[in-house]
Amino acid sequence: MSATHSTPVLDTAETAMPIAPVTTAPRRRALGSLLARVRPRHAALALILAFSAVLNTRNLAQNGYANNFYSAAVKSMLASLHNFLFASADPGGLITIDKPPLAVWVQTASAKLFGFSPLSLLLPEAIISTIAVAVLYRVIARRLGPVAGLISAFALAAFPSFVAVSRDNGVDPLLILLMILACGAALGAIESGRWRSLLSCAILVGLAFNTKTLAAFLILPGIALAYILCAPDPLPRRAAKLLVAAAVTALVSFSWIAFVELTPASQRPFVGSSTNNTELGLTFNYNGFGRVEGEVGGPGQAPVAEGGGLHVVPHPPGRHLASLPHAAGLLHPASLSPGVLVAHGLAQPAPPGHPVRQFLPNGRLSRPLPFGAPPGPLRLFKSALAGQGAWLLPFALIGLLALLLSTLADERTRHSRRLATLVVFGGWLLAEVLVLSLSKGIVHPYYVSAIGPGAAAMIGAGAVAFTSFARRRHWGLVLLPCAVAASIVAQLAILHEQHYMRWFAPVLIGVAVVGVSAMAARRLAGVAMTLTLGALMIAPTVYATTTWLAPVEGTFPAAGPHEATGVGKYDTGPTAMRVDRTLIRFLAGHRSGTRWTVLTDAAPTAAPLILLGVHAGAVAGYSGTDPALDGPGLARLVAHHEARYVVLGGAYATRGGNLATKAVLRSCPLVPPRVWHGPQPYSVYTFALFDCAGHERQLSLGAGARKELVARHRAGRGGGTQRAPRAL
């Protein structure tokens, strides 16, 4: 541009010829300079990122709306700014999702820009995960070198659970990216002592908190310890800076929660999955300490009670699996507890601590495994969790020790970048391992994805440290056979349990033995480490590609050839879809509520209806037990013509519902299945449609008042010659 501006103003014909060579020459020189700066590590990183993108996006469209609860929430949030701000799970703004809004806001923005569709929700997660791989490389390579960075990037890209969540529309990819960015900013602050980096870290942690609440804080112990140990300022100043950063973290973390809490409850949705309609309660109870100490809905603590559907005498034991509603596609399979399967004669009681498993003819689990084995130090290496991330976990943990030995040999240990990296990422890894191993509450298998960045960083760091030990003849090399042997044992156990790649066992052992043995030769240390680690990477990488083979199970995404899969575009089977569409046709021909066309017990029952364009809502939240609405509250909605029809049954119908569903069963007449062409009642899960119009008074009465009203009705009709309305 400078050459153009310095040229006298001439006519177009005179200036046309000189301009081309003047502007293209600098471009060619710039391109040549750029190509000259490209190194093999850049090409390797490009290949890793391309591979990550393929892992995350191949056959992605087959996943449909994946987690239909979050997909329905996005569609609801597109309906109004009010729904968007409060993260409403339904178009009418009755109840919120059970997480902070940031990740779902990102999906909503994508849907707003590109239109609401499965890929507009799934692609952002896949892209975010690939960016996370690139960021991890950048953070690790700057401190431990490009080789460690490349190994870390590949280990994260191929981490099975990380790939599984990257192909879903949950919140974990954004959480992981923000936590990696926060760790990178923390390391920058430790190295430079600058306020800007430290405050950036605090803000990023706060944003991660607004993605998955307290799960974001698991990186804080490592960051705080690393800053105290390694930052350049005097100790009092370091402590003061940390206090300021903690205040900023708290300010950002609780900003949205404060917005919700300061809004009157009557002017916002009920806080989903809470018991007291507060985000603070949700954060510290259901999504917080309840996960660690145990909570209702966790392993062995799912409530079983009447009130969420019709009371139907179960079929005699011995019925075939297809006779149950979940097998026919009438509800989400995760809502069927092992106890229900056993009660119907479809499974044998499992030994304590072992989940009931039923396989379909295609070899896949008929229902996902929602929890890991009982708490214990080896939980991550046992059923449900092992295949998601234990493949190289021993190498990562022993690699952490190797990095520590390597760091302690540095004369300037305190100011070593390696020590800060060790404490930050090693601390993250240890915190995740400790919490997931010992928590008594809800620990879903996909939670293992949070181990990925810390494990990947320590795998890369360990590989470089072992290679250095081999070249220097350092005694720390004795840790390598331990790391490799423990990883081989873990991988063989997983492959045996999964009946997968059993042919690979002798190959893995043979190549690993050759690689470890070759480390004795200094000149071959790098090649030998590459061979050894490459062999250990094969099985988890191939295992991660199993996510391509079938639709992801949206609620419990997991890698593996036998894991349960999603069902259809809406994560709903064909029979359930026919029932939903039949219900929609009936509702379209009858006057429904102005705010909700139909209300259901649990959110997984309402979600497919919302995705099909119906203004549905769940009166009892995600699991069908939230005290979001009672009889009088529902009566007011009916009186104001905001609601009329209620569907009970469906997902989580055995958990007992809430006061509103019980009021419906007491007060509202059942619409006969022949009228709306619905299924005949054969279990509590069968859809039952109730018409509450004109029954506001009965809904507003408690159970005792209802009985008194019935008694008076009988007395007034001649001493009880007329039957009272039957309780449904």
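**A helix pair and a four-stranded sheet**

In this predicted model, helix H18 meets helix H21 through Pro394, Phe395, Ile398, Leu401, Ala402 and Leu405, and the residues on the H21 side are Leu479, Leu480, Cys482, Ala483, Val484, Ala486, Ser487 and Ala490. Sorted by class, this contact between H18 and H21 has 13 nonpolar residues, one polar residue and no charged ones.

The geometry of the pair can be described next. H18 covers residues 393-408 and H21 covers residues 479-498; their axes come within 8 Å and cross at roughly 165°. H18 is therefore roughly antiparallel to H21, since angles over 145 degrees count as roughly antiparallel. The crossing in which H18 passes H21 is left-handed.

Further along the chain there is a sheet. It is open and has four strands, in the order E2-E1-E3-E4, with mixed pairing. Strand E2 (616-618) and strand E4 (688-691) are the edge strands, each pairing on one side only. On average, neighbouring strands of this sheet are turned by 25° against each other, direction ignored.

One pairing in the sheet can be followed to the residue level. Strand E3, residues 645-648, pairs with E4 in the antiparallel sense, over four bridges. Within this part of the sheet, Tyr645 stands opposite Asp691 in E4. The sheet also has a helix packed on it: H24, residues 574-588, touches strand E1 (598-600) as well as E3 and E4. The direction of H24 makes about 165° with that of E3.

Terms used: Residues numbered from 1 in each chain as written. Predicted model: local features only at pLDDT ≥ 70, side-chain atom pairs only at ≥ 80, totals over all residues. Heavy atoms only, no water. Axes fitted to C-alpha atoms, helices over the stretch in contact; angles between N-to-C directions. Helix = DSSP H or I, 4+ residues; strand = E, 2+ residues; numbered from the N terminus. Parallel < 35°, antiparallel > 145°, perpendicular 65-115°, else oblique. Left-handed = near helix turned anticlockwise from the far one by under 90°. Contact = heavy atoms within 4.5 Å. Nonpolar A, V, L, I, M, F, W, Y, C, P; charged D, E, K, R; others polar. Pairing = 2+ DSSP bridges.
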